[in-house]
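Biologist: Could you take a close look at the salt bridges in this one for me? I'd like to hear how the partners sit, and then whatever else you'd point out on the surface and in the pockets.

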Amino acid sequence: MTLIYFILMLGIIVLIHELGHFFWAKKSGVYCYEFSIGFGPKLFSFHRKNDETLYCVRLIPVGGYVAMAGEEIDDDEKVPKDKKMYNKPWKNKLIIILAGVINNFILGFFVLFITALIYGSYTTKPIVGVVAKDSAAYEAGLQTKDKITEINGKKMKTWDDVTMTLTLADNSKTQTFTVVDSDGKEKELKVKPQKIEDKEGNVSYSYGFGLYDKKYYGFTNALSYASSKFCSIFDSMIVTIKALVTGKIGVNALSGPVGIYSIVGMQSKAGLQGLLYLLAYLSINVGFINLIPFPAFDGYRALIIIIEKIIGKKVNAKVDAIVNQIGLFLLFALMIFITIKDITRLF
């Protein structure tokens with residue numbers, strides 16, 4: 001069942017992403033050779049009546065693409081010039097490129113909203129729920145219903161901010177919490193997490209407190225939760241990228257398809273609600289990653305379109321293609337490294 005969930009989840013995310021590119025390409029009159037879900041050998045394909053596009057499902061369900069005329073270097077004389085992407089107005093090209101990202105964000109928001117509407121949701125605010133007796137947080141004076149406003153001088157807007165900040169902190173040292181209690185009084189607490197070492201020598205740190213676990217229901221709450229959670233997930237991804245660039249976390253912290261497969265297995269134990277949250281999280285993640293202006297990502301292609309508009313001429317197509325190929329090579333090399341790491345982690 002984990003394999004089925006994994007394929008369905010990635011399939012939905014890729015389908016929604018590529019549908020964004022495809023819909024706006026067709027709407028803008030761009031000739032599309034192929035709409036494909038997955039990579040590698042074809043499983044099946046078909047043509048629709050009076051439609052030039054080949055619709056295809058391929059073996060490896062970790063991506064997809066829309067092959068458009070004139071997207072890169074193009075010498076196909078069979079396709080009219082006005083149906084080639086590079087001859088379209090810059091606004092049309094930008095919409096086509098960014099439509100996949102927008103679709104992923106819409107999917108993520110919609111799934112978060114539906115999940116909260118059906119199952120209810122916890123607050124996204126950094127309000128403390130359980131405080132374990134004799135834990136580091138308990139000894140420091142943290143109490144139920146305390147709202148964490150700052151950690152080490154950094155403002156905390158959501159529970160995800162708290163989690164991310166403590167994950168990236170030097171947990172061997174004391175952390176400074178600023179909290180507001182249920183009476184509205186502000187206080188500063190010094191919390192030094194308890195060091196835990198297992199039999200294999202793996203070290204972790206425990207603070208001993210958790211999220212306020214009261215559930216909220218209703219349309220308005222679901223809308224508020226989806227908005228807040230969407231922004232929180234997006235912000236945490238910005239923090240993660242910054243941490244990767246500055247070296248606070250290493251490439252070892254990343255996961256590829258094998259790692260995602262393992263996470264899907266764990267989330268499936270929480271039932272449909274857990275799987276739906278993971279679907280939303282991954283969809284927002286895919287949208288965010290594709291916004292990064294790195295070759296082979298949609299963000300890079302969008303940047304090129306904007307640069308061309310500013311300078312008033314096209315970027316050299318051959319140079320652009322070479323840069324894209326280098327980007328793809330680096331991306332696949334990273335994927336191979338992460339996949340090997342994920343596999344070794346399983347054993």
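**Salt bridges, then surface and pocket**

Modeller: Let's start with Lys-173, which counts as exposed because its relative accessibility is 53%, over the 50% cut-off. Keep in mind that this is a predicted model. Lys-173 pairs up with Asp-170 in a salt bridge, at 3.8 Å from N to O. Asp-170 has a relative accessible area of 41%, so that side of the pair is partly exposed. Elsewhere, Lys-26, Asp-51 and Glu-52 are tied into one network by salt bridges that share partners.

A search through the whole structure turns up nine salt bridges. One of them joins Asp-146 and Lys-187, with 3.5 Å between the closest N and O atoms. This pair links distant parts of the chain, 41 residues apart: Asp-146 is in the loop between α3 (136-140) and β5 (147-151), while Lys-187 belongs to strand β8 (residues 186-191). Asp-146 counts as buried because its relative accessibility is 0%. Lys-187, at 23% relative accessible area, is partly exposed.

Then there's Lys-155 with Glu-150, another salt bridge, where the closest N and O atoms are 3.6 Å apart. Here the lysine, Lys-155, is exposed at 60% relative accessibility. Its partner Glu-150 comes out at 22%, so it counts as partly exposed.

Now for the surface. A nonpolar patch is formed there by Phe-39, Leu-43, Phe-44, Phe-46, Leu-59, Ile-60 and Val-62, which together have about 650 Å² of accessible area. Two elements, β1 (32-47) and β2 (54-68), each give two or more residues to the patch. The top contributor is β1, with four residues. Phe-46 from the patch is placed in strand β1, and at 43% relative accessibility Phe-46 counts as partly exposed.

Last stop, the second largest pocket, with a volume of about 270 Å³. It is lined by 14 residues, and the closest to the centre are Lys-154, Thr-165, Leu-168, Val-239 and Lys-248. Both α4 (159-168) and α5 (219-246) supply two or more residues to this lining. With five residues, α5 gives the most. By residue type, the lining of the second largest pocket splits into six nonpolar, four polar and four charged.

Technical notes. Residues are numbered from 1 along each chain as its sequence is written. This is a predicted model: local features need pLDDT of at least 70, side-chain atom pairs count only at pLDDT 80 or more; totals for chains, interfaces and linings use all residues. Side-chain values use heavy atoms; hydrogens and water are left out. On a 1 Å grid over the protein atoms alone, a cavity is a set of points where a 1.4 Å probe fits but cannot get out, and a pocket is an open set with protein on both sides within 12 Å along at least five of seven lines; lining residues have an atom within 4 Å of a point. Grid points are joined across faces, edges and corners, and a volume is the space filled by probe spheres set on the points. Ala, Val, Leu, Ile, Met, Phe, Trp, Tyr, Cys and Pro count as nonpolar, Asp, Glu, Lys and Arg as charged, and the others, Gly among them, as polar. Patches are made of residues with over 30% relative accessible area and no salt bridge: like charges are joined within 9 Å, nonpolar side chains (Val, Leu, Ile, Met, Phe, Trp, Tyr) within 5 Å. Accessible areas come from the Shrake-Rupley method with a 1.4 Å probe; for residues, only the protein chains shown count as cover. A salt bridge is a side-chain nitrogen of Lys or Arg within 4 Å of a carboxyl oxygen of Asp or Glu. Buried means under 20% relative accessible area, exposed over 50%, partly exposed in between (1.4 Å probe, protein chains only).
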